[in-house]
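Q: I would like a close look at one part of this model. Please start with that part and then work outwards. Short sentences would help.

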Amino acid sequence: EDFERWIRGAPKCELHLHIDGSLQPRRLLELAKKNGVALPYASEADVEAACAFTDLQSFLDLYYHGASVLRTEEDFYHLMGDYLAVCRSERIVHAEIMVEPQTYAPQGVSLDTVMAGFSAAIDDASRGWGQSVALILSFLRHLPVAEALAQLEAAEPWREHFVAIGLASAERDHPPADFVRLYAAARERGYRLTAHAGEEGPAAFVRDALDVLGVERIDHGVRAVEDPALVERLAREGIPLTVCPLSNVRLRVFDRLADHTLPQFLEAGVAVTVNSDDPAYFGGYLTENFLALHRELGLAIPTARRLLANAIDASFLSSAARARLR
Ligand code: HPA
Ligand code: ZN
């Protein structure tokens, strides 16, 4: 009760959120109908029943199908607006949001359409209640690096909206080393660098994301526990992990939240942060992730304060903007 009241009121940062993963079942069904996209779901309950995933790929199949209903600037405006309204109500004062243009390309949706909608929603939230947002241009690792490089080029007119690049989608068979050229090109253009690693992929992928791609923080990274020397290095070098507890349980990285290794990372001095990943599909937004950790792992206020502070420090904001959040 005390914890719940405190976490709801505490200012929070979210660093690992795929905008398509915030597509609420109600909005999904509405847009499918409006845009004439056939979905095998008749109700919100049907969509929720489809969220019994067996692994990352089983989720990605639904996630990309879901995102295919987005077609017009207004659709993208509502998607971003819905999530930013959650930020306001949950007191997520700063959000770093992954945008994945390659997801919309098969439907013939241009980056101009996507970004016109997203940037209008961000402008409204920033003017409306001072919402702080940074966008991460995220690439799909199941697609060729040449396509990612072309997308990086195509994003140049929207360069000022993106603080960083990221790498998502199926990790198995798509190691960091495949994307060396992408990360070199992005670094040259002044992007900050992050990547998913060590979610379904091994600890070696976390090490390669650091050594081969040169990333500054790791999305997920939980399988780093399989290599104690790597955990020690993450702590020593201050490499943050954007951990997503409810996601890890839904995608069967851990059978139960009680098995989650977040306490081990904290114990080792790693800069762990808590995030929601794809809240519409995984059963809860950021606050619910903290509440679940409290219920299942006994997370208490002092440790939660550390997690919130870690997220400010791990953000891609300027040092002046980070100081204002502290
Ligand atoms: N892992 C990889 N790709 C993703 C995820 C994830 O958890 N969510 C959305 N795309
Ligand atoms: Zn993710």
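Which residues are buried in helix α8 (residues 180–188)?

A: This is a predicted model. In helix α8, the buried residues are Leu-182, Tyr-183 and Ala-186. Look down the axis of α8: these buried residues fall within an arc of 90°, so they line one face of the helix.

Take Leu-182 as an example. Leu-182 sits in helix α8. A residue is buried if 20 or more other C-beta atoms lie within 10 Å of its own. Leu-182 has 23 C-beta neighbours inside 10 Å, so it counts as buried.

What does the buried face pack against? The buried residues of α8 pack against three strands: β3 (132–140), β4 (162–168) and β5 (192–197). They also pack against two helices, α7 (145–154) and α9 (203–213). We can take these partners in turn.

Start with α7. Two packed helices are described by the angle between their axes and the distance between the axes. For α7 and α8, the angle is about 15° and the axes are 9 Å apart. The two helices are therefore roughly parallel to each other. The crossing of α7 past α8 is right-handed.

Which residues make this contact? From α7 come Val-145, Ala-148, Leu-149 and Leu-152. From α8 come Arg-181, Leu-182, Ala-185 and Ala-186. So Leu-182 appears again, now as part of the meeting with α7. Set aside its neighbours within four places in sequence, and Leu-182 is in contact with Val-145, Ala-148, Leu-149, Leu-152 and Phe-139. Leu-152 lies 30 residues from Leu-182 along the chain, yet their C-alpha atoms are separated by 8.1 Å.

Phe-139 leads us to the strands. Phe-139 stands opposite Leu-167 in β4. Strands β3 and β4 pair in the parallel sense, over 6 bridges. Both strands are among the packing partners of the buried residues of α8.

Now step back to the whole sheet. It is open and has 8 strands. Their order is β1-β2-β3-β4-β5-β6-β7-β8, and the pairing is parallel. Strands β1 and β8 (272–274) stand at the edges. Each has a single partner strand, so one side of each is left without a neighbour in the sheet. Neighbouring strands are turned by 25° against each other on average, with direction ignored.

Is the edge strand β1 covered or bare? Strand β1 (residues 12–18) is mostly covered, with 7 of its 7 residues buried. Strand β2 (residues 92–99) runs parallel to β1, and 5 bridges join the two. One pair shows the match: Cys-13 has His-94 in β2 as its bridge partner.

Return to β5, another packing partner of the buried residues of α8. Just after α8, Gly-190 takes a positive phi of about 90°. Arg-192 is found in strand β5. With 19 other C-beta atoms within 10 Å, Arg-192 is partly exposed. Leaving aside neighbours within four places in sequence, Arg-192 is in contact with Val-163, Ala-164, Glu-216 and Phe-316. Compare Ala-150: 42 residues from Arg-192 along the chain, with 18 Å between the two C-alpha atoms.

The remaining helix on the partner list is α9. Helix α9 lies across β5 and β6 (217–220). Its direction is at about 160° to β5.

For contrast, look at another pair of helices. The axes of α1 (residues 2–9) and α14 (residues 286–297) come within 10 Å and cross at roughly 155°. That makes α1 roughly antiparallel to α14. Helix α1 passes α14 in a right-handed crossing. Phe-3, Glu-4, Ile-7 and Arg-8 in α1 meet Thr-287, Phe-290, Leu-291 and His-294 in α14.

Last, two loop residues. Arg-91 lies in the loop between α5 (73–90) and β2. Its phi is near 60°, a positive value in a residue other than glycine. Arg-91 has 14 C-beta neighbours inside 10 Å, so it counts as partly exposed. Asp-277 is in the loop between β8 and α13 (279–282). Asp-277 also has a positive phi, near 70°, and it too is a residue other than glycine. Asp-277 is buried, with 30 other C-beta atoms within 10 Å.

Terms used:
Residues are numbered from 1 along each chain as its sequence is written. Chains are lettered from A and ligands numbered from 1 in the order in which they are written. This is a predicted model: local features need pLDDT of at least 70, side-chain atom pairs count only at pLDDT 80 or more; totals for chains, interfaces and linings use all residues. A residue is buried if 20 or more other C-beta atoms lie within 10 Å of its own, exposed if 12 or fewer, and partly exposed in between; C-beta atoms are placed from the backbone. Helices (H or I, at least four residues) and strands (E, at least two) are DSSP runs, numbered from the N terminus. The arc is that of the directions from the helix axis to the C-beta atoms. Two residues are in contact if their C-beta atoms, placed from the backbone, lie within 7 Å. Two strands pair if DSSP finds at least two bridges between them. Axes are lines fitted to C-alpha atoms, for helices over the stretch in contact, and angles run from 0 to 180 degrees between N-to-C directions. Angles under 35 degrees count as roughly parallel, over 145 as roughly antiparallel, 65 to 115 as roughly perpendicular and the rest as oblique. A crossing is left-handed if the near helix is turned anticlockwise from the far one by less than a right angle, and right-handed if clockwise.
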